[in-house]
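Welcome, and thank you for coming along on this walk. Keep your viewer open and your selection tool ready, and we will go from stop to stop together.

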Amino acid sequence: MARGLLLSAAVAALVTSAVPAHAESPVVTDPPPDKIVIDVATVNGSGCPQGTAAVAVSPDNTAFTVTYSDYLAQAGGNSDPTAFRKNCQLNLIVHVPQGFTYAIASADYRGFASLQSGASGTQRASYYFQGSSNTAFKNHPFSGPYNDDWQATDSTDWAQLVWAPCGVLRNFNINTELRVTAGSSGKVSFMTMDSTDGDISTVYHMAWKQCPSS
């Protein structure tokens with residue numbers, strides 16, 4: 001069913017930005033006080049059909065959350081041959097307070113997996129800013145037998161953060177993927193990007209930096 005993409009003002013995930021940090025642009029320990037606004041430009045993919053993803057920004061401008069309601073990959077049994085891989089691409093427009101820029105410092109993913117003996121599952125994510133040639137990829141593999149909630153975290157060392165360019169609005173892209181291979185039993189194995197209550201909350205944590213004065 002349609003649910004929507006939930007964004008909060010603190011972002012978590014490994015991001016690639018277009019411009020490196022400058023010495024005259026100090027990193028700030030507190031997020032800017034003005035409200036951050038995240039608009040969803042497009043949502044595409046077999047893992048997030050229209051109306052099944054939602055975004056929300058946290059009140060303290062430190063993270064945003066994406067929630068899915070129909071993100072499931074499966075293989076084995078009578079599964080559709082194309083169901084072994086599901087993906088979702090979010091194209092986000094991030095409006096930040098004047099004089100600041102941001103980077104994605106970490107991202108927390110969670111869901112549920114039921115993998116038969118010999119089966120495997122993978123959660124993958126990549127991050128990049130529009131117009132940037134740099135893309136960060138992270139993979140998290142899981143092996144059967146497995147029947148439990150799963151959680152994965154992408155994180156970046158502070159010195160390696162790539163920042164969004166100052167004074168330029170560049171869309172931020174997040175690509176996620178679930179992939180499942182069937183085990184030797186031939187029974188159904190599956191992996192969802194959601195928790196056992198039917199919701200998945202992916203939290204993206206943001207780092208903030210002041211832009212150099214003009």
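**Stop 1: a strand with partners**

Start by selecting residues 189-192, which form strand E12; this strand pairs with E7 in the antiparallel sense over 3 bridges. Before going further, please keep in mind that you are looking at a predicted model. To see the pairing at one spot, pick Phe112 and look across to E12, where its bridge partner is Thr192.

Now select residues 100-115 to light up strand E7 itself. Of its 16 residues, 14 are buried, so E7 is largely enclosed by the rest of the structure. E7 also has another partner to visit: 10 bridges join it to strand E10, residues 146-155, and these two strands run antiparallel. For a single example, select Ser114 and find its bridge partner in E10, Asn147.

**Stop 2: the whole chain**

Zoom out and colour by secondary structure. How many helices and strands does the protein chain have? The count comes to 0 helices and 13 strands, so from the N terminus on you will meet β elements throughout, in the order β-β-β-β-β-β-β-β-β-β-β-β-β. The chain has 214 residues, and buried ones make up 49% of them. If you show contacts, look at those with a separation of 6 or more: 85% of them are between residues 24 or more positions apart.

**Stop 3: along strand E10 and the loop before it**

Go back to E10 and step to the loop between strand E9 (136-143) and E10, where you will find Pro145. Select Gly144 together with Pro145 and look at the bond that joins them. Is this peptide bond cis or trans? The bond is cis, with omega at about 5°. That is worth a pause, because most peptide bonds are trans.

Next, select Ser155, also in strand E10. Ser155 counts as partly exposed, because its relative accessibility is 47%. Add Tyr204 to the selection: the two residues are 49 apart in sequence, and their C-alpha atoms are 10.0 Å apart in space.

**Stop 4: Tyr127 and its polar contacts**

Select Tyr127, which you will find in strand E8, residues 120-129. Is Tyr127 buried or exposed? Its relative accessible area is 0%, so Tyr127 is buried. Show its side chain and look for two polar contacts. One, of 2.6 Å, joins the side chains of Tyr127 and Tyr109. The other, also given as 2.6 Å, joins the side chain of Tyr127 to that of Asp154. Then draw a distance line to Phe137, which is 10 residues away along the chain; the C-alpha atoms are separated by 6.9 Å.

**Stop 5: two asparagines in strand E11**

Select residues 172-181 to show strand E11, and pick out Asn173 within it. With a relative accessible area of 3%, Asn173 is buried. Which side chain makes a polar contact with the side chain of Asn173? The partner is Asn91, at 3.0 Å. Leaving aside neighbours within four places in sequence, Asn173 is in contact with several residues, including Gln89, Leu90, Ser126 and Gln130. Tyr127, from the previous stop, is also one of these contacts.

Now move to Asn175, which lies in E11 as well. Asn175 counts as buried because its relative accessibility is 18%, and the cut-off for buried is under 20%. With neighbours within four places in sequence again set aside, the residues in contact with Asn175 are Cys88, Gln89, Arg124, Ala125, Ser126 and Tyr128.

**Stop 6: the largest pocket**

Show the surface and look for the largest pocket, which has a volume of about 270 Å³. To get there, select Val96, Phe100, Pro165, Gly167 and Val168: among the 19 lining residues, these lie nearest the pocket's centre. The elements giving two or more residues to the lining are strand E6 (85-95) and E7. E7, where the tour began, supplies the largest share, 3 residues. Colour the lining by residue type and you will see 13 nonpolar, 5 polar and 1 charged.

**Stop 7: the end of strand E13**

For the last stop, select Gln210 in strand E13, residues 200-210. Gln210 counts as partly exposed, because its relative accessibility is 32%. Add Pro32 and draw a line between the C-alpha atoms: the two residues are 178 apart in sequence and 9.1 Å apart in space.

Methods
Residues numbered from 1 in each chain as written. Predicted model: local features only at pLDDT ≥ 70, side-chain atom pairs only at ≥ 80, totals over all residues. Heavy atoms only, no water. Helix = DSSP H or I, 4+ residues; strand = E, 2+ residues; numbered from the N terminus. Buried < 20%, exposed > 50% of the residue type's maximum accessible area, 1.4 Å probe, protein only. Polar contact = N/O pair within 3.5 Å; in protein donor to acceptor, adjacent residues only side chain to side chain. Contact = heavy atoms within 4.5 Å. Pairing = 2+ DSSP bridges. 1 Å grid on protein atoms, 1.4 Å probe; cavity = no way out; pocket = protein on both sides within 12 Å on 5 of 7 lines; lining within 4 Å. Points joined across faces, edges and corners; volume = space filled by probe spheres on them. Nonpolar A, V, L, I, M, F, W, Y, C, P; charged D, E, K, R; others polar.
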